Amino acid sequence: ILKLLVSGSGNSRTGVLVPIPQYPLYSAAIAELSAVQLGYYLAEDRCWALDVTELRRVLAQGRQHCCPRVLCIINPGNPTGQVQSRQCIEDVIKFAYEENLFLMADEVYQDNIYAKGSAFFSFKKVLSEMGPPYSKAVELASFHSISKGFMGECGFRGGYVEVINMDPEVKEQLIKLVSVRLCPPVSGQILLGALLDPPQPGEPSHETFMAEKKAVLSALAHKAQLTQEIFNKTPGIHCNPVQGAMYSFPRIDLPPRAIAAAKEKGQAPDMFFCMRLLEETGICVVPGSGFGQREGTFHFRMTILPPTEKLKVLLEKLSSFYTKFVKEFS
């Protein structure tokens, strides 16, 4: 999709709005295509909410040096684990309509919703229900996958994109672009078919399927709550509720001496912390600097996937290490 949308040079080069923090696939793909990344910050103090005022700020700045054409949304969020409200999605669609932006909706964690009061609303559904002029004009690409979500069939790398309101002649070129690639293995295609057509009520495996799905998601919901609770008991670690997806993205306070020590080693401060954590405990998390974050803040991303008992031990070991680390550099 990005390859289709990127064109121009200099001030006419395509600009792509992406959330910060973002999944690094986006920045990598944008760089590979020599497009211009325009990062808009999610509001950490409001559980990583998306603010249209921030979108307007970034768009105005971007238009000074490129031609913004694309707006990427990750919902539920990766690495932040937030779930956007229906009102937020409507606001984003109106913004895309007003500014003539192509919407790319990464919705691969749509089944993974945990927080009370949170619900997943697909961009396609909301766009359709908003009616004209939005439903007839806003161009949308929606992405889903069997490699993520509650299925987590990571080895099969199967997914799909659905495009809405794309000009037929442009869509023809998209089909050409897709057709020059080799198809995935047969097993991956079969699993993708199962995702698109799960067992229906009355069919032999429906009850088993629903029981398995509920068990997986209930366990993840419990682990999401556990992650938030244990981290927030530790002074200096600040963790928003994990509303969806399968990651937490806690903010950590780092002492000036730790920041100076990182600088001496030529590392970002959160990378320095994560490497010390790995070396001393064997726990591997990803520094927030790999995803983008506001200047002067430090984070790490970790998954909530380990079995509950192991996750509890991991969270407590990580929290203890953080306390020891801060004491060492205070």
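Start by selecting E280: at 39% relative accessibility it counts as partly exposed (buried means under 20% relative accessible area, exposed over 50%, and partly exposed in between, with a 1.4 Å probe and protein chains only). You are looking at a predicted model, in which local features need pLDDT of at least 70, side-chain atom pairs count only at pLDDT 80 or more, and totals for chains, interfaces and linings use all residues. Residues are numbered from 1 along each chain as its sequence is written, and side-chain values use heavy atoms, with hydrogens and water left out.

**Two helices, two pairs**

Which residue forms a salt bridge with E280? Add K324 to your selection: the closest N and O atoms of K324 and E280 are 2.8 Å apart. A salt bridge here is a side-chain nitrogen of Lys or Arg within 4 Å of a carboxyl oxygen of Asp or Glu. K324 lies in helix α12 and E280 in helix α11, so the pair ties together parts that are 44 residues apart in sequence. (Helices, H or I of at least four residues, and strands, E of at least two, are DSSP runs numbered from the N terminus.) K324 is partly exposed, with a relative accessible area of 44%.

Stay with these helices and select R276 and E328, whose side chains meet in a salt bridge of 2.6 Å, N to O. R276 belongs to helix α11 (residues 269–281) and E328 to helix α12 (residues 308–329), so this pair links parts 52 residues apart in sequence. R276 is buried at 15% relative accessible area, while E328 is partly exposed at 37%.

**A pair within one helix**

Now select R57 and E54, where the side chains meet in a salt bridge at 2.7 Å, N to O. Both lie in helix α3 (residues 52–62), 3 residues apart, about one turn of the helix. Are they buried or exposed? R57 is partly exposed, at 35% relative accessible area, and E54 is buried, at 12%. In total, the structure holds 14 salt bridges.

**Where two domains meet**

Next, color residues 1–195 as domain 1 and 205–329 as domain 2, following the domain assignment of the protein chain; such bounds come from an automatic or database domain assignment. The contact takes 26 residues from domain 1 and 26 residues from domain 2, contact meaning heavy atoms within 4.5 Å. The C-alpha centres of the two domains lie 26 Å apart.

How much area is buried between domain 1 and domain 2? The area is about 2,300 Å², of which carbon and sulfur atoms give 58%. Buried area is the accessible area (1.4 Å probe) that two parts lose on being put together, summed over both. Select E44, Y114 and F150: they supply 30% of the area that domain 1 buries against domain 2, more than any other three residues. Then show R251 beside E44, because their side chains meet in a salt bridge (a nitrogen within 4 Å of a carboxyl oxygen), at 3.3 Å, N to O. Across this interface the rule finds 2 salt bridges.

**Last stop: the cysteines**

Finish with C67, which is in no disulfide; the nearest cysteine sulfur, that of C66, is 7.3 Å away. A disulfide is a pair of cysteine sulfur atoms within 2.5 Å, and the structure holds 0 of them. C67 is partly exposed, with a relative accessible area of 27%.
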